Amino acid sequence: MPENLADLQREIAELNERADALRATLGMDRDDAAGTAEAALAELAYAGTLLRDCGERLAADAAAGGGPRRAPSGDDEKAVLRAVFNELTVPVLLLDHEGYIRRINTLAAERLGSAPGYLTGKPFSNFVDLRRRAPMRSWLAAVLRGGETASFGSRLAQRGWAEDVHLTLTRLDVPTEANPLVLVVVSPAPDGGGDEGPAPLEPEVEDQVVVLAARRLDVLTRMTRLLLASAGPGGAGRPLALDEAAELLADSYADWVLVDVCDLPGDPARARRAVVAAPEADGHRELLEGRDPGAAEVPGQVLATGTSVLDQQIEDETALGSADDGAPLLSLLGAGSLLSVPLVGSRGVRGALTLIRRSNRGAFRLADLGLIEEIGEHIGLALPPRPQA
């Protein structure tokens, strides 16, 4: 292990060179990705040991209150931290004992899709795919409890992308901290990973804003035609086909669409799930059908308050309720973002329209919320009136 800052910088430079060589090897020979990944994991294990050793030495110096390695002004300690967290060519995070991000280097911030300043203070689990959060939390608790390093596969997901990764968690006991910290190193999945589900809704194009605007206009146009067909001469007296409206949205705008209706206007306690539109061969349709909409946070909140909900990045996996075995429905669906809007008629809230997208699809945005709110209002007005009880 390095004895001073110069040795540490030399170790980091050599580690960077080896990492660059592995990256170049992977680019030249994808067929040997597994072997290259094993070598990369060995380098990451060394990086974790290096970081832990540096942290323990800094903590020992601080606790001793002196010694030959102590920096009188603190400048050397700051330089070491900058070198460790900003010069390593691997994504590294430091979590507190509750799983919140205390420190994150530039590469890790890029991996999570945001700036270090924004990510600091947020739960790391928020950036893990819903279906992988429970195992990650269990591993984190085990590392904090037992002190043994844990290395396991996981999946990161954030606003339209999802990536299989390998996480290495190491406990750090720092005398100046009341509770232990956890060092997290992120590396590629040994098998190369791969996104599940269909391709993203939002392709990488230069003029993406125009493309998305055109898509929203197309959805609105098709929905307007459906509503007019129901109210026009050919559809006079025929109730709005909610299943057709839901299928239209599921076909072009979301993965799952839920339509909940209040048989008595303004009475969310008596709402029922009228329609569930889901992907073909989806095994979770029955879990969504026949549930009490008001019993879940979403769309229960929408039915009760008449206000919309937009979760660009789902943090509470229980927001849609749980299956009979207690598993959160959103986790079972592999959801990444959702929005729910009220169906507002002339006599108040008539129901709720909820759209859900997978974690590897583009997250819903404010523009999407505005569009679905407008569609929700049109559907609410088109619903046939119900007599008061």
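Two residues are taken to be in contact when heavy atoms of theirs lie within 4.5 Å, and this is the sense in which packing is described for the predicted model presented here. A good place to begin is helix α10, which spans residues 297–305. Its buried residues pack against the strands β6, β7, β8 (309–311), β9 and β10. The buried positions of α10 are Val298, Pro299, Gly300, Val302 and Leu303. Just after this helix comes Gly306, with a positive phi of about 75 degrees.

Several of those strands reappear in the largest nonpolar core, which has 30 residues. Two or more residues come from each of the helices α7 (208–231), α8 (242–252) and α12 (366–382), and likewise from each of the strands β6 (256–262), β7 (271–277), β9 (335–345) and β10 (348–358). The most generous of these elements is α8, which gives six residues to the core. The members that touch the most other members are Leu249, Val257, Val259, Leu353, Leu355, Ile372 and Ile375. Val257 offers a helpful close-up: beyond its neighbours within four places in sequence, this residue is in contact with Ala246, Leu249, Ala250, Val275, Val276, Ala277, Leu353, Thr354 and Leu355. Elsewhere, a charged end meets a ring: that of Arg357 sits over the ring of Tyr253, 5.1 Å from its centre.

Apart from the largest core lies another, made up of 24 residues and including Leu95, Ile101, Leu119 and Val165.

Attention now turns to the sheet. Five strands form an open sheet in the order β2-β1-β5-β4-β3, with antiparallel pairing. Its edges are β2 (101–104) and β3 (150–158), each of which pairs on one side only. From one strand to the next, the twist averages 30 degrees. The edge strand β3 pairs with β4 (residues 161–172) in the antiparallel sense over nine bridges, and Gln158 stands opposite Trp161 in β4. Helix α6 (residues 130–146) lies across β1 (92–95), β3, β4 and β5 (181–188), and runs at about 10 degrees to β4.

Within β3, Ser154 is worth a pause. With a relative accessibility of 2%, Ser154 is counted as buried because the cut-off is under 20%. Leaving out residues up to four places away in sequence, Ser154 touches Val128, Arg132, Glu163, Asp164, Val165 and Leu167.

Aromatic rings complete the picture of this region. The whole structure holds two aromatic pairs. In one of them, the ring centres of Trp139 and Phe152 are 5.3 Å apart and the planes meet at 10 degrees, so the pair is stacked, the limit for stacking being under 30 degrees. This pair links distant parts of the chain, since Trp139 belongs to helix α6 and Phe152 to strand β3, 13 residues apart. The two partners also differ in how they are covered: Trp139 is partly exposed, with a relative accessible area of 38%, whereas Phe152 is buried, with 7%. A further ring contact involves Lys122, whose charged end sits over the ring of Tyr118, 3.9 Å from its centre.

Note on methods. Residues numbered from 1 in each chain as written. Predicted model: local features only at pLDDT ≥ 70, side-chain atom pairs only at ≥ 80, totals over all residues. Heavy atoms only, no water. Core = buried A, V, L, I, M, F, W, Y, C linked by side-chain atoms within 4.5 Å. Buried < 20%, exposed > 50% of the residue type's maximum accessible area, 1.4 Å probe, protein only. Helix = DSSP H or I, 4+ residues; strand = E, 2+ residues; numbered from the N terminus. Pairing = 2+ DSSP bridges. Axes fitted to C-alpha atoms, helices over the stretch in contact; angles between N-to-C directions. Phe/Tyr/Trp six-rings, centres within 6.5 Å; stacked < 30°, edge-to-face > 60°. Lys NZ or Arg CZ within 6 Å of the ring centre and 35° of its normal.
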